[in-house]
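Visitor: Could you take me in for a close look at one part of this model, the surroundings of the ligand? I'd like the whole story in one go.

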Amino acid sequence: MKGTVLITGAAGFIGSHTADLLAKKGYKIKILDFLAPPVHIGEWPNYVNNKGYTLIKGDVRNKKDFAEALNGVDYVIHLAAYQDQLPDFSTFFETNTVSTSLIYEIILENKLPIKKVVYSSSQFVYGDGEYISSKGELFFPELRSLQQLKEKRWEVLDKYNEIAKFQPFKEDQKVNPTNSYGLSKISSEMLALRLGKTYNIPTSIVRYSIVQGPRQSPRNIYSGALRIFVTQALAGEPLTVYEDGNQLRDFVNVEDVVKANALMLEDERTNFEVFNVGGGKGYSVLDFAHMVKKISNSNSQILVNGEFRRTDTRNAISDITKLKSLGWSPSQTPEKSIKDYIDWIKSEKFDVAHIVKNSRAELKKLGVVDK
Ligand SMILES: NC(=O)c1ccc[n+]([C@@H]2O[C@H](COP(=O)([O-])OP(=O)(O)OC[C@H]3O[C@@H](n4cnc5c(N)ncnc54)[C@H](O)[C@@H]3O)[C@@H](O)[C@H]2O)c1
(Lines give C-alpha, C1' and ligand atoms only; values in the text may rest on other atoms or scores of the structure.)
Protein backbone atom coordinates (compact mmCIF):
# COMPACT_ATOMS: atom_id res chain seq x y z
CA MET A 1 0.00 0.00 0.00
CA LYS A 2 1.38 3.37 -1.05
CA GLY A 3 -0.58 5.43 1.50
CA THR A 4 -3.97 7.14 1.64
CA VAL A 5 -4.97 10.00 -0.68
CA LEU A 6 -7.83 12.34 0.15
CA ILE A 7 -9.34 13.61 -3.10
CA THR A 8 -11.88 16.39 -2.61
CA GLY A 9 -14.59 16.66 -5.27
CA ALA A 10 -13.92 13.12 -6.50
CA ALA A 11 -17.59 12.37 -7.02
CA GLY A 12 -17.02 14.68 -9.99
CA PHE A 13 -15.28 14.35 -13.32
CA ILE A 14 -11.50 14.78 -12.87
CA GLY A 15 -11.49 13.56 -9.26
CA SER A 16 -13.18 10.22 -9.98
CA HIS A 17 -10.74 9.44 -12.81
CA THR A 18 -7.84 10.47 -10.54
CA ALA A 19 -9.17 8.13 -7.83
CA ASP A 20 -9.32 5.22 -10.30
CA LEU A 21 -5.73 5.71 -11.51
CA LEU A 22 -4.32 6.12 -8.00
CA ALA A 23 -6.26 3.08 -6.72
CA LYS A 24 -4.79 1.05 -9.59
CA LYS A 25 -1.33 2.26 -8.53
CA GLY A 26 -1.92 0.94 -4.99
CA TYR A 27 -3.09 4.01 -3.06
CA LYS A 28 -6.04 3.89 -0.64
CA ILE A 29 -8.69 6.41 -1.68
CA LYS A 30 -10.76 8.70 0.50
CA ILE A 31 -13.27 11.10 -1.09
CA LEU A 32 -14.89 14.25 0.32
CA ASP A 33 -17.76 15.61 -1.78
CA PHE A 34 -21.06 17.35 -0.97
CA LEU A 35 -22.97 15.77 -3.90
CA ALA A 36 -24.94 18.94 -4.58
CA PRO A 37 -26.76 19.99 -7.76
CA PRO A 38 -26.27 20.82 -10.56
CA VAL A 39 -23.45 18.25 -10.90
CA HIS A 40 -25.12 15.69 -8.59
CA ILE A 41 -28.54 14.69 -7.34
CA GLY A 42 -27.52 14.01 -3.72
CA GLU A 43 -26.23 10.47 -4.32
CA TRP A 44 -22.80 8.96 -4.91
CA PRO A 45 -22.51 8.28 -8.66
CA ASN A 46 -22.15 4.65 -9.79
CA TYR A 47 -18.54 5.19 -10.89
CA VAL A 48 -17.27 5.73 -7.31
CA ASN A 49 -19.54 3.22 -5.54
CA ASN A 50 -18.41 -0.32 -4.65
CA LYS A 51 -14.73 0.32 -5.38
CA GLY A 52 -13.53 0.17 -1.78
CA TYR A 53 -13.15 3.97 -1.55
CA THR A 54 -13.95 5.69 1.76
CA LEU A 55 -16.78 8.07 0.88
CA ILE A 56 -17.45 11.11 3.08
CA LYS A 57 -20.41 13.31 2.27
CA GLY A 58 -19.37 16.75 3.45
CA ASP A 59 -18.63 20.33 2.47
CA VAL A 60 -15.07 21.63 1.95
CA ARG A 61 -16.21 24.97 3.39
CA ASN A 62 -17.00 23.24 6.68
CA LYS A 63 -13.95 22.86 8.94
CA LYS A 64 -15.41 19.90 10.85
CA ASP A 65 -16.13 17.96 7.64
CA PHE A 66 -12.68 18.74 6.22
CA ALA A 67 -10.91 17.82 9.48
CA GLU A 68 -12.69 14.45 9.56
CA ALA A 69 -11.68 13.79 5.97
CA LEU A 70 -8.03 14.81 6.51
CA ASN A 71 -7.58 12.55 9.51
CA GLY A 72 -5.28 9.60 8.70
CA VAL A 73 -4.34 10.61 5.15
CA ASP A 74 -0.89 10.97 3.60
CA TYR A 75 -1.71 13.07 0.52
CA VAL A 76 -4.38 15.58 -0.52
CA ILE A 77 -5.56 16.44 -4.02
CA HIS A 78 -7.93 19.40 -3.74
CA LEU A 79 -10.33 19.41 -6.68
CA ALA A 80 -13.69 20.42 -5.16
CA ALA A 81 -14.57 23.83 -6.54
CA TYR A 82 -17.25 26.29 -7.52
CA GLN A 83 -16.84 26.90 -11.26
CA ASP A 84 -18.04 28.76 -14.37
CA GLN A 85 -19.05 32.37 -14.94
CA LEU A 86 -21.88 32.96 -12.52
CA PRO A 87 -22.91 36.19 -10.81
CA ASP A 88 -22.76 34.99 -7.16
CA PHE A 89 -19.15 36.23 -6.94
CA SER A 90 -18.61 35.52 -3.25
CA THR A 91 -19.37 31.78 -3.60
CA PHE A 92 -16.17 31.33 -5.64
CA PHE A 93 -14.04 32.62 -2.75
CA GLU A 94 -16.04 30.81 -0.05
CA THR A 95 -15.71 27.49 -1.84
CA ASN A 96 -12.34 27.69 -3.59
CA THR A 97 -10.16 29.97 -1.47
CA VAL A 98 -11.51 29.41 2.05
CA SER A 99 -11.35 25.63 1.56
CA THR A 100 -7.71 25.83 0.43
CA SER A 101 -6.71 27.77 3.53
CA LEU A 102 -8.64 25.30 5.70
CA ILE A 103 -6.39 22.46 4.51
CA TYR A 104 -3.27 24.14 5.94
CA GLU A 105 -5.10 25.41 9.03
CA ILE A 106 -6.26 21.87 9.90
CA ILE A 107 -2.85 20.33 9.13
CA LEU A 108 -1.16 22.79 11.51
CA GLU A 109 -3.74 22.61 14.27
CA ASN A 110 -3.70 18.81 14.34
CA LYS A 111 -0.01 18.35 13.41
CA LEU A 112 -1.05 16.07 10.54
CA PRO A 113 1.84 14.30 8.75
CA ILE A 114 0.63 15.21 5.23
CA LYS A 115 3.34 14.47 2.64
CA LYS A 116 1.89 16.47 -0.25
CA VAL A 117 -0.93 18.83 -1.21
CA VAL A 118 -1.87 19.17 -4.89
CA TYR A 119 -4.10 22.11 -5.78
CA SER A 120 -6.06 22.06 -9.04
CA SER A 121 -6.06 25.48 -10.61
CA SER A 122 -7.03 26.60 -14.08
CA GLN A 123 -5.77 28.20 -17.26
CA PHE A 124 -8.34 30.89 -16.38
CA VAL A 125 -5.79 32.54 -14.03
CA TYR A 126 -3.99 33.98 -17.09
CA GLY A 127 -7.06 35.86 -18.29
CA ASP A 128 -6.37 37.07 -21.82
CA GLY A 129 -2.65 36.57 -21.27
CA GLU A 130 0.10 38.21 -23.28
CA TYR A 131 -0.13 39.61 -26.85
CA ILE A 132 2.24 41.18 -29.38
CA SER A 133 1.08 44.47 -30.83
CA SER A 134 1.18 45.34 -34.54
CA LYS A 135 4.44 47.23 -33.78
CA GLY A 136 6.02 44.22 -32.03
CA GLU A 137 5.53 45.29 -28.40
CA LEU A 138 4.54 42.72 -25.74
CA PHE A 139 1.49 43.73 -23.67
CA PHE A 140 -1.20 42.33 -21.36
CA PRO A 141 -4.57 43.43 -22.73
CA GLU A 142 -7.51 44.50 -20.60
CA LEU A 143 -10.76 42.56 -20.87
CA ARG A 144 -12.45 43.45 -24.16
CA SER A 145 -15.05 46.14 -23.48
CA LEU A 146 -18.78 45.49 -23.69
CA GLN A 147 -18.96 48.09 -26.44
CA GLN A 148 -16.26 46.33 -28.49
CA LEU A 149 -18.08 43.01 -28.12
CA LYS A 150 -21.45 44.54 -29.01
CA GLU A 151 -19.80 45.94 -32.17
CA LYS A 152 -18.70 42.34 -32.90
CA ARG A 153 -15.01 43.30 -33.00
CA TRP A 154 -13.95 40.04 -31.40
CA GLU A 155 -10.15 40.13 -31.70
CA VAL A 156 -7.89 41.60 -29.02
CA LEU A 157 -6.76 45.05 -30.21
CA ASP A 158 -3.53 46.91 -29.45
CA LYS A 159 -3.26 50.61 -28.57
CA TYR A 160 -3.13 51.40 -32.31
CA ASN A 161 -6.53 49.71 -32.73
CA GLU A 162 -4.90 46.90 -34.75
CA ILE A 163 -5.35 43.17 -34.19
CA ALA A 164 -2.73 41.85 -31.75
CA LYS A 165 -1.12 38.38 -31.75
CA PHE A 166 -1.78 35.91 -28.92
CA GLN A 167 1.13 34.23 -27.05
CA PRO A 168 0.58 30.83 -25.35
CA PHE A 169 0.44 31.01 -21.54
CA LYS A 170 3.66 30.31 -19.61
CA GLU A 171 3.71 29.51 -15.89
CA ASP A 172 6.00 32.41 -14.97
CA GLN A 173 4.12 35.14 -16.83
CA LYS A 174 1.90 37.75 -15.23
CA VAL A 175 -1.56 36.47 -14.29
CA ASN A 176 -4.61 38.59 -15.03
CA PRO A 177 -7.89 36.73 -14.33
CA THR A 178 -11.03 38.15 -15.92
CA ASN A 179 -13.60 36.84 -13.44
CA SER A 180 -14.28 35.64 -9.89
CA TYR A 181 -13.54 32.03 -10.78
CA GLY A 182 -10.03 32.90 -12.03
CA LEU A 183 -9.43 35.28 -9.12
CA SER A 184 -10.46 32.65 -6.57
CA LYS A 185 -8.14 30.15 -8.25
CA ILE A 186 -5.09 32.44 -8.22
CA SER A 187 -5.71 33.44 -4.60
CA SER A 188 -5.97 29.73 -3.68
CA GLU A 189 -2.71 29.01 -5.54
CA MET A 190 -0.92 31.82 -3.73
CA LEU A 191 -2.24 30.70 -0.35
CA ALA A 192 -1.28 27.08 -0.98
CA LEU A 193 2.26 27.93 -2.09
CA ARG A 194 2.83 30.51 0.65
CA LEU A 195 1.49 28.33 3.49
CA GLY A 196 3.14 25.23 2.04
CA LYS A 197 6.56 26.92 1.95
CA THR A 198 6.22 28.58 5.34
CA TYR A 199 5.21 25.39 7.14
CA ASN A 200 7.20 22.99 4.95
CA ILE A 201 4.22 21.12 3.53
CA PRO A 202 5.18 20.09 -0.04
CA THR A 203 2.63 21.63 -2.40
CA SER A 204 2.16 21.57 -6.18
CA ILE A 205 -0.17 23.55 -8.41
CA VAL A 206 -1.65 22.25 -11.65
CA ARG A 207 -3.30 24.71 -14.06
CA TYR A 208 -5.54 22.65 -16.32
CA SER A 209 -6.66 23.74 -19.77
CA ILE A 210 -10.15 22.58 -20.85
CA VAL A 211 -10.39 18.99 -19.64
CA GLN A 212 -12.54 16.55 -21.58
CA GLY A 213 -13.83 12.99 -21.23
CA PRO A 214 -16.62 10.86 -19.73
CA ARG A 215 -18.24 11.70 -16.36
CA GLN A 216 -18.29 15.45 -17.00
CA SER A 217 -21.79 16.13 -15.74
CA PRO A 218 -24.05 17.31 -18.58
CA ARG A 219 -26.44 18.76 -16.00
CA ASN A 220 -24.05 21.65 -15.46
CA ILE A 221 -23.84 23.13 -18.94
CA TYR A 222 -23.16 26.79 -18.27
CA SER A 223 -19.72 26.26 -19.77
CA GLY A 224 -17.60 23.60 -21.44
CA ALA A 225 -17.78 23.35 -25.23
CA LEU A 226 -17.76 19.54 -25.27
CA ARG A 227 -20.72 19.02 -22.97
CA ILE A 228 -22.71 21.89 -24.56
CA PHE A 229 -22.13 20.77 -28.17
CA VAL A 230 -22.61 17.05 -27.51
CA THR A 231 -25.91 17.48 -25.65
CA GLN A 232 -27.13 19.88 -28.35
CA ALA A 233 -26.04 17.53 -31.16
CA LEU A 234 -27.66 14.48 -29.55
CA ALA A 235 -30.87 16.45 -28.88
CA GLY A 236 -30.99 17.53 -32.55
CA GLU A 237 -30.73 21.19 -31.47
CA PRO A 238 -28.42 23.80 -33.06
CA LEU A 239 -24.83 23.86 -31.78
CA THR A 240 -24.53 27.40 -30.41
CA VAL A 241 -21.09 28.94 -30.91
CA TYR A 242 -20.22 32.17 -29.09
CA GLU A 243 -18.58 35.18 -30.83
CA ASP A 244 -17.52 34.27 -34.41
CA GLY A 245 -16.20 30.83 -33.45
CA ASN A 246 -12.61 31.74 -34.34
CA GLN A 247 -11.48 31.99 -30.71
CA LEU A 248 -8.76 29.43 -29.94
CA ARG A 249 -8.79 26.91 -27.11
CA ASP A 250 -6.66 23.96 -26.06
CA PHE A 251 -8.24 20.73 -24.94
CA VAL A 252 -6.72 17.99 -22.80
CA ASN A 253 -8.11 14.50 -22.25
CA VAL A 254 -8.85 13.47 -18.66
CA GLU A 255 -6.61 10.38 -19.01
CA ASP A 256 -3.64 12.71 -19.51
CA VAL A 257 -4.74 15.00 -16.66
CA VAL A 258 -4.87 12.17 -14.11
CA LYS A 259 -1.37 11.10 -15.11
CA ALA A 260 -0.22 14.65 -14.38
CA ASN A 261 -1.98 14.53 -10.98
CA ALA A 262 -0.21 11.26 -10.15
CA LEU A 263 3.13 12.76 -11.19
CA MET A 264 2.55 15.64 -8.74
CA LEU A 265 2.18 13.13 -5.88
CA GLU A 266 5.14 11.00 -6.83
CA ASP A 267 7.84 13.33 -8.16
CA GLU A 268 9.59 15.60 -5.66
CA ARG A 269 10.72 17.88 -8.48
CA THR A 270 7.12 19.18 -8.55
CA ASN A 271 7.29 20.49 -4.95
CA PHE A 272 6.39 24.20 -4.71
CA GLU A 273 6.09 24.45 -8.50
CA VAL A 274 3.26 25.44 -10.86
CA PHE A 275 2.53 23.44 -14.03
CA ASN A 276 0.29 23.99 -17.04
CA VAL A 277 -1.54 20.79 -18.00
CA GLY A 278 -2.90 21.18 -21.53
CA GLY A 279 -3.26 19.59 -24.93
CA GLY A 280 -0.41 21.60 -26.42
CA LYS A 281 -2.35 22.62 -29.54
CA GLY A 282 -4.99 25.26 -30.31
CA TYR A 283 -8.33 24.61 -32.06
CA SER A 284 -10.96 27.15 -33.05
CA VAL A 285 -14.28 26.66 -31.27
CA LEU A 286 -15.99 26.55 -34.66
CA ASP A 287 -13.72 23.71 -35.87
CA PHE A 288 -14.41 21.90 -32.61
CA ALA A 289 -18.20 22.25 -33.16
CA HIS A 290 -17.75 20.72 -36.63
CA MET A 291 -15.78 17.83 -35.09
CA VAL A 292 -18.62 17.13 -32.62
CA LYS A 293 -21.23 17.32 -35.39
CA LYS A 294 -19.28 14.87 -37.55
CA ILE A 295 -18.41 12.35 -34.82
CA SER A 296 -21.98 12.35 -33.45
CA ASN A 297 -23.50 11.98 -36.95
CA SER A 298 -25.80 14.88 -36.09
CA ASN A 299 -27.93 16.85 -38.56
CA SER A 300 -27.92 19.86 -36.22
CA GLN A 301 -27.09 23.24 -37.65
CA ILE A 302 -24.06 25.12 -36.30
CA LEU A 303 -25.33 28.49 -35.16
CA VAL A 304 -22.98 31.50 -34.98
CA ASN A 305 -25.31 34.37 -34.18
CA GLY A 306 -23.06 36.83 -32.39
CA GLU A 307 -23.90 35.80 -28.80
CA PHE A 308 -21.06 36.26 -26.32
CA ARG A 309 -20.17 36.06 -22.63
CA ARG A 310 -18.58 39.25 -21.42
CA THR A 311 -15.77 37.73 -19.34
CA ASP A 312 -14.71 35.12 -21.92
CA THR A 313 -11.12 35.33 -23.03
CA ARG A 314 -10.56 35.48 -26.78
CA ASN A 315 -7.78 32.87 -26.93
CA ALA A 316 -6.52 30.36 -24.38
CA ILE A 317 -3.67 27.98 -25.16
CA SER A 318 -1.15 26.83 -22.55
CA ASP A 319 2.53 26.21 -23.16
CA ILE A 320 3.23 22.75 -21.69
CA THR A 321 7.02 22.71 -22.07
CA LYS A 322 7.61 22.75 -18.29
CA LEU A 323 5.57 19.63 -17.51
CA LYS A 324 6.92 17.86 -20.60
CA SER A 325 10.43 18.35 -19.22
CA LEU A 326 9.43 15.97 -16.38
CA GLY A 327 8.47 13.23 -18.86
CA TRP A 328 4.72 13.89 -19.14
CA SER A 329 3.07 14.58 -22.47
CA PRO A 330 -0.51 14.53 -23.74
CA SER A 331 -1.28 11.26 -25.53
CA GLN A 332 -4.99 11.56 -26.40
CA THR A 333 -6.76 13.63 -29.08
CA PRO A 334 -9.91 15.79 -28.87
CA GLU A 335 -11.54 13.34 -31.33
CA LYS A 336 -11.12 10.58 -28.73
CA SER A 337 -12.55 12.84 -25.99
CA ILE A 338 -15.60 13.59 -28.15
CA LYS A 339 -16.20 9.93 -29.00
CA ASP A 340 -15.77 8.76 -25.39
CA TYR A 341 -18.09 11.49 -24.12
CA ILE A 342 -20.83 10.67 -26.64
CA ASP A 343 -20.61 6.96 -25.73
CA TRP A 344 -20.87 7.80 -22.03
CA ILE A 345 -23.82 10.22 -22.42
CA LYS A 346 -25.67 7.56 -24.41
CA SER A 347 -24.84 4.75 -21.98
CA GLU A 348 -26.08 6.79 -18.99
CA LYS A 349 -29.32 7.58 -20.88
CA PHE A 350 -29.34 11.29 -19.97
CA ASP A 351 -32.42 13.20 -21.14
CA VAL A 352 -30.46 15.50 -23.46
CA ALA A 353 -33.51 17.35 -24.82
CA HIS A 354 -34.55 18.31 -21.27
CA ILE A 355 -30.95 19.30 -20.39
CA VAL A 356 -30.60 21.59 -23.42
CA LYS A 357 -34.00 23.25 -22.81
CA ASN A 358 -33.31 23.74 -19.12
CA SER A 359 -29.85 25.22 -19.60
CA ARG A 360 -31.13 27.66 -22.20
CA ALA A 361 -33.78 28.90 -19.76
CA GLU A 362 -31.23 29.03 -16.90
CA LEU A 363 -28.67 31.02 -18.93
CA LYS A 364 -31.34 33.51 -19.91
CA LYS A 365 -32.44 33.92 -16.29
CA LEU A 366 -28.85 34.48 -15.09
CA GLY A 367 -28.09 36.95 -17.88
CA VAL A 368 -24.57 35.58 -18.54
CA VAL A 369 -24.97 35.57 -22.33
CA ASP A 370 -25.16 38.86 -24.26
CA LYS A 371 -25.77 39.69 -27.89
N1 LIG B 1 -13.04 20.46 -16.16
C2 LIG B 1 -12.22 21.39 -16.59
O3 LIG B 1 -12.14 21.65 -17.79
C4 LIG B 1 -11.32 22.13 -15.62
C5 LIG B 1 -10.43 23.09 -16.14
C6 LIG B 1 -9.60 23.79 -15.26
C7 LIG B 1 -9.67 23.53 -13.91
N8 LIG B 1 -10.56 22.62 -13.43
C9 LIG B 1 -10.59 22.39 -11.97
O10 LIG B 1 -10.53 20.99 -11.71
C11 LIG B 1 -11.29 20.70 -10.54
C12 LIG B 1 -12.26 19.57 -10.80
O13 LIG B 1 -13.15 19.96 -11.84
P14 LIG B 1 -14.17 18.94 -12.53
O15 LIG B 1 -14.24 19.30 -13.95
O16 LIG B 1 -13.86 17.57 -12.12
O17 LIG B 1 -15.54 19.43 -11.87
P18 LIG B 1 -16.79 18.60 -11.34
O19 LIG B 1 -17.88 19.61 -11.16
O20 LIG B 1 -17.07 17.41 -12.17
O21 LIG B 1 -16.29 18.11 -9.92
C22 LIG B 1 -16.16 18.97 -8.83
C23 LIG B 1 -16.68 18.24 -7.62
O24 LIG B 1 -16.53 19.10 -6.49
C25 LIG B 1 -17.66 18.92 -5.67
N26 LIG B 1 -17.84 20.12 -4.84
C27 LIG B 1 -18.09 21.37 -5.26
N28 LIG B 1 -18.24 22.19 -4.22
C29 LIG B 1 -18.05 21.44 -3.10
C30 LIG B 1 -18.09 21.72 -1.72
N31 LIG B 1 -18.36 22.94 -1.26
N32 LIG B 1 -17.82 20.70 -0.87
C33 LIG B 1 -17.56 19.44 -1.31
N34 LIG B 1 -17.55 19.12 -2.62
C35 LIG B 1 -17.79 20.11 -3.50
C36 LIG B 1 -18.82 18.71 -6.64
O37 LIG B 1 -19.93 18.05 -6.00
C38 LIG B 1 -18.17 17.86 -7.72
O39 LIG B 1 -18.34 16.48 -7.48
C40 LIG B 1 -11.93 22.01 -10.11
O41 LIG B 1 -11.15 22.57 -9.09
C42 LIG B 1 -11.87 22.87 -11.34
O43 LIG B 1 -11.82 24.24 -11.02
C44 LIG B 1 -11.39 21.91 -14.25
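Guide: Sure, and bear in mind that this is a predicted model. Around the ligand sit 29 residues, and Asp 33, His 40, Asp 59, Leu 79 and Tyr 181 come nearest. Sorted by class, that shell holds 14 nonpolar residues, eleven polar ones and four charged ones.

Now for some polar atoms. On the backbone side, an N or O atom of Val 60 lies 3.0 Å from a nitrogen atom of the ligand. Side chains come in too: Ser 120 has a side-chain N or O atom 3.1 Å from an oxygen atom of the ligand, and a polar side-chain atom of Lys 185 lies 2.8 Å from a ligand oxygen. As for cover, the ligand on its own has 820 Å² of accessible area, and the protein covers 93% of that.

Which elements give two or more residues to this shell? They are α1 (13-24), β5 (116-122), α5 (180-198) and β10 (210-212). The largest share, three residues, comes from β5.

While you're here, have a look at helix α3, residues 89-110. With 22 residues at 1.5 Å a residue, α3 should span 32 Å, and its end C-alpha atoms are indeed 32 Å apart, so the two values agree. There is a bend in α3 all the same, about 30 degrees at Val 98. Just after α3 comes Lys 111, with a positive phi near 50 degrees.

Methods. Residues are numbered from 1 along each chain as its sequence is written. This is a predicted model: local features need pLDDT of at least 70, side-chain atom pairs count only at pLDDT 80 or more; totals for chains, interfaces and linings use all residues. Side-chain values use heavy atoms; hydrogens and water are left out. A residue is near a molecule or strand if one of its heavy atoms lies within 4 Å of it. A polar contact is a pair of N or O atoms within 3.5 Å; within protein, one must be able to donate a hydrogen and the other to accept it, and residues adjacent in sequence count only if both atoms are side-chain atoms. Accessible areas come from the Shrake-Rupley method with a 1.4 Å probe; for residues, only the protein chains shown count as cover. Helices (H or I, at least four residues) and strands (E, at least two) are DSSP runs, numbered from the N terminus. Ala, Val, Leu, Ile, Met, Phe, Trp, Tyr, Cys and Pro count as nonpolar, Asp, Glu, Lys and Arg as charged, and the others, Gly among them, as polar. The expected span of a helix is 1.5 Å times one less than its number of residues. The bend at a residue is the angle between axes fitted to the seven residues ending there and the seven starting there.
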